[in-house]
Amino acid sequence: MQAATARAGANIALVKYWGKRDARLNLPAAGSISITLADLETRTTVSPLPDLADDELLLDGQPASAGRIVPVLDRFRALSGCDLRCRVETSNSFPTGAGLASSASGFAALVVAADTAFGTGLDLARLSEQARLGSGSAARSIFGGFVEMAAGCRVDGHDAVAHPLLEAAEWPLEVVVAITEAGPKSVSSTNGMNLTMSTSPYYSAWVDSVPADLDRARRAVVAKDFGVLAEVAEASALKMHASALAAQPGLIYWNPATVACLHAVRALRDAGTGVFFTVDAGPQVKAVCLPGQGARVADRLADVDGVVQVMESRLGAGAGVLA
Ligand code: DP6
């Protein structure tokens, strides 16, 4: 056993995952399509140590609860036959828990580091499965560029894994993240989607609508058709939030600055800039831009009232071990 360090980029869904067909195995009710970011990343070191009684987690240098990572490490212990507990040190290059997919890059980096630390040698599909067991969206951060996550139909979930659609270099879109609130989100994705599933009258309509969006978005990615991708992605985000708004009690993830950013993105597009928006389970707005247009979009969103920070990222590679 050896210490190992891995990195993984955050990912942003263009066709959203919002609801599970199995909560224990984190199996999604429908597929999703995402882009993996280069510049918003998690780095994680897993050190199996003989003198530890329990797994320990240091998040951005601070001791944190190891609750969600212990089951992930347990599976690598079972696969390798090595029972050592681990010290896990992880840091994010962006605000943790603010709707910026830190669980996605976090679990992807964790499983890739654990795979090397425990010498299990899993292939990418099995790494994606292990990441999914930590967090559904993490299955996608194993891969770079444009990625599709399959809903799968098996009860054991072996087929609910991600696969790459297009390399980042093939269509180097740019992403601008407008942060409208720096604190952690009010209702986690897990709790938000569970509440939506159990109480929203629009939940089944949402799930039924996803396969057609996946088909359109997949074709748009392969054809590099920005206009169609913009239409599908904005509609998917708005439908996801519509289903959540109709939950009981309704989930209002947006603040006034979120809405102002959505209007600013639409105004930019009407004026000829290649840009569309998406929003996850939080108040931040992600603007996806044609190559070369990110800086202009970042300048405009930085001027929106209530935007506290703007981050820019290129698309990037999948998770990997660092030397
Ligand atoms: C709105 O992957 O965070 O970002 O599987 O319960 O850990 P769990 O949820 P998570 O949900 C992500 C939801 C989303 C949309 C998306 O990334 O597809």
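Which backbone nitrogen lies 3.1 Å from a polar atom of the side chain of glutamate 234? In this predicted model, the partner is the backbone nitrogen of phenylalanine 277. Glutamate 234 belongs to helix 7. With a relative accessibility of 3%, glutamate 234 counts as buried, because burial is assigned to residues under 20% relative accessible area. When neighbours within four places in sequence are left aside, the residues in contact with glutamate 234 are Val265, Arg266, Arg269, Phe276 and Phe277. Phenylalanine 277 thus appears both in this set of contacts and as the residue whose backbone nitrogen faces the polar side-chain atom at 3.1 Å.

The overall arrangement of the protein is considered next. The domain assignment gives domain 1, covering residues 4-169, and domain 2, covering residues 174-314. A distance of 23 Å separates the C-alpha centres of domain 1 and domain 2. To the contact between them, domain 1 supplies 31 residues and domain 2 supplies 44 residues.

Both domains also take part in surrounding the ligand, since the shell around the ligand draws at least three residues from each of domain 1 and domain 2. In total, 18 residues surround the ligand, and the closest are Tyr17, Lys20, Gly136, Ser137 and Thr190. The shell consists of six nonpolar, seven polar and five charged residues. Helix 5, which spans residues 189-199, gives the most to this shell, with three residues.

Individual distances to oxygen atoms of the ligand add detail to this description. For glycine 136, a backbone N or O atom is placed 2.6 Å from an oxygen atom of the ligand. For arginine 140, a polar side-chain atom lies 2.7 Å from an oxygen atom of the ligand. For aspartate 280, the distance between a polar side-chain atom and an oxygen atom of the ligand is 3.4 Å. On its own, the ligand has 460 Å² of accessible area, of which the protein covers 94%.

Particular features of the backbone were also identified. Most residues other than glycine have a negative phi, and most peptide bonds are trans. The bond joining glutamine 248 and proline 249 is a cis peptide bond, with omega at about -5 degrees. Proline 249 is located in the loop between helix 7 (226-245) and helix 8 (256-270).

Positive phi values occur at asparagine 26, where phi is near 55 degrees, and at aspartate 60, where phi is near 50 degrees. Neither residue is glycine. Asparagine 26 is situated in the loop between strand 2 (20-22) and strand 3 (27-28), whereas aspartate 60 occupies the loop between strand 5 (56-59) and strand 6 (62-64). Asparagine 26 is buried, with a relative accessible area of 7%. Aspartate 60, by contrast, is partly exposed, with a relative accessible area of 37%.

A further side-chain pairing involves threonine 45, which is located in strand 4 (residues 32-49). The side chains of threonine 45 and threonine 5 are joined by a polar contact of 2.8 Å. Apart from its neighbours within four places in sequence, threonine 45 is in contact with Ala4, Thr5, Arg87, Val88 and Glu89.

Conventions:
Residues numbered from 1 in each chain as written. Predicted model: local features only at pLDDT ≥ 70, side-chain atom pairs only at ≥ 80, totals over all residues. Heavy atoms only, no water. Near = heavy atom within 4 Å. Polar contact = N/O pair within 3.5 Å; in protein donor to acceptor, adjacent residues only side chain to side chain. Areas by Shrake-Rupley, 256 points an atom, 1.4 Å probe, with all protein chains shown as cover. Helix = DSSP H or I, 4+ residues; strand = E, 2+ residues; numbered from the N terminus. Nonpolar A, V, L, I, M, F, W, Y, C, P; charged D, E, K, R; others polar. Domains from an automatic or database assignment. Buried < 20%, exposed > 50% of the residue type's maximum accessible area, 1.4 Å probe, protein only. Contact = heavy atoms within 4.5 Å.
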